[in-house]
Amino acid sequence: MNKEELLHLSRGKGLTVVAGPTAVGKGTVVRYILENHPEVKLSVSATTRSPRPGEIDGESYFFWSMEQFDANIEAGQMLEYATVHGTNKYGTPKQPVIDAIAAGKLVLLEIDIQGARQVKAAMPEARLIFIAPPSWNELVRRLQTRGTETPEEQERRLASAEVELAAQSEFDHVVINDEVARCASEVIDLMKAN
Ligand code: 5GP
């Protein structure tokens with residue numbers, strides 16, 4: 001890799017961040033992309049929240065204790081991190097992202113808006129994509145029918161969603177998740193353009 005390529009790498013070329021409100025269907029869009037585009041590598045985040053049924057440590061997330069998480073922050077190992085929905089910490093371990101970009105992969109981060117801002121500040125060539133719902137009512141419907149959160153947790157997430165929707169204009173692109181395959185194809189086109 002020559003000097004210029006290294007500079008672009010350190011500035012986030014090849015890196016795409018998708019963010020968007022709770023229950024907008026980011027996870028489904030991302031899974032669709034991974035199944036259909038082997039050149040895309042999803043960064044595995046770390047979190048202090050407990051695994052949901054079926055989630056696998058090291059695949060869905062790295063499930064860390066608060067102590068482990070704080071030690072990684074201290075050691076400068078996190079590309080970004082944030083406290084999400086007022087309770088747990090979530091973040092992106094830095095080294096796997098750098099290794100994957102250096103290996104020529106298109107790297108995708110599915111993180112919250114605070115994290116997206118940090119990535120843009122650290123790596124200005126990273127592409128930020130906001131996944132938006134077709135409407136507010138549709139977002140509420142998706143969250144309620146998912147049924148994985150308690151009513152209190154749903155309230156908290158909807159409060160965060162309002163704040164997140166207001167931050168769309170900070171993103172390089174807004175893509176509406178009206179239909180998974182269509183949304184995914186728009187995202188992948190934008191990733192390849194970076
Ligand atoms: P969940 O608990 O539903 O898996 O995720 C909750 C929120 O955490 C989502 O909005 C997701 O985007 C965000 N999140 C997941 N991983 C990361 C991460 O590595 N960094 C940041 N900043 N947010 C994350």
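## Contacts to the ligand

Let's start with Arg52: one of its polar side-chain atoms sits 2.8 Å from an oxygen atom of the ligand. Keep in mind that this is a predicted model. Arg49 joins in too, with an N or O atom of its side chain 2.7 Å from a ligand oxygen. For Tyr61, the distance from a polar side-chain atom to an oxygen atom of the ligand is 2.5 Å. On its own, the ligand has 520 Å² of accessible area, and the protein covers 94% of that.

## The shell and the pocket

How many residues surround the ligand? There are 17, and the closest are Ser45, Arg49, Tyr61, Tyr90 and Asp112. Sorted by class, this shell breaks down into 7 charged, 5 polar and 5 nonpolar residues.

As for where the ligand sits, the space it takes up is the largest pocket. Two elements give two or more residues each to the shell: strand 5 (78–84) and strand 6 (88–93).

## The sheet

Strands 5 and 6 also turn up in an open sheet of 4 strands, which runs in the order 4-3-6-5 with mixed pairing. Strand 4 (62–63) and strand 5 are at the edges; each has a single partner strand, so one side of each has no neighbour in the sheet.

Further in, how do strand 3 and strand 6 pair, parallel or antiparallel? Strand 3 (residues 46–47) runs antiparallel to strand 6, and 2 bridges link the pair. Here Ala46 stands opposite Gly91 of strand 6.

Key. Residues numbered from 1 in each chain as written. Predicted model: local features only at pLDDT ≥ 70, side-chain atom pairs only at ≥ 80, totals over all residues. Heavy atoms only, no water. Near = heavy atom within 4 Å. Polar contact = N/O pair within 3.5 Å; in protein donor to acceptor, adjacent residues only side chain to side chain. Areas by Shrake-Rupley, 256 points an atom, 1.4 Å probe, with all protein chains shown as cover. 1 Å grid on protein atoms, 1.4 Å probe; cavity = no way out; pocket = protein on both sides within 12 Å on 5 of 7 lines; lining within 4 Å. Sits in = over half its atoms within 2 Å of the grid points. Nonpolar A, V, L, I, M, F, W, Y, C, P; charged D, E, K, R; others polar. Pairing = 2+ DSSP bridges.
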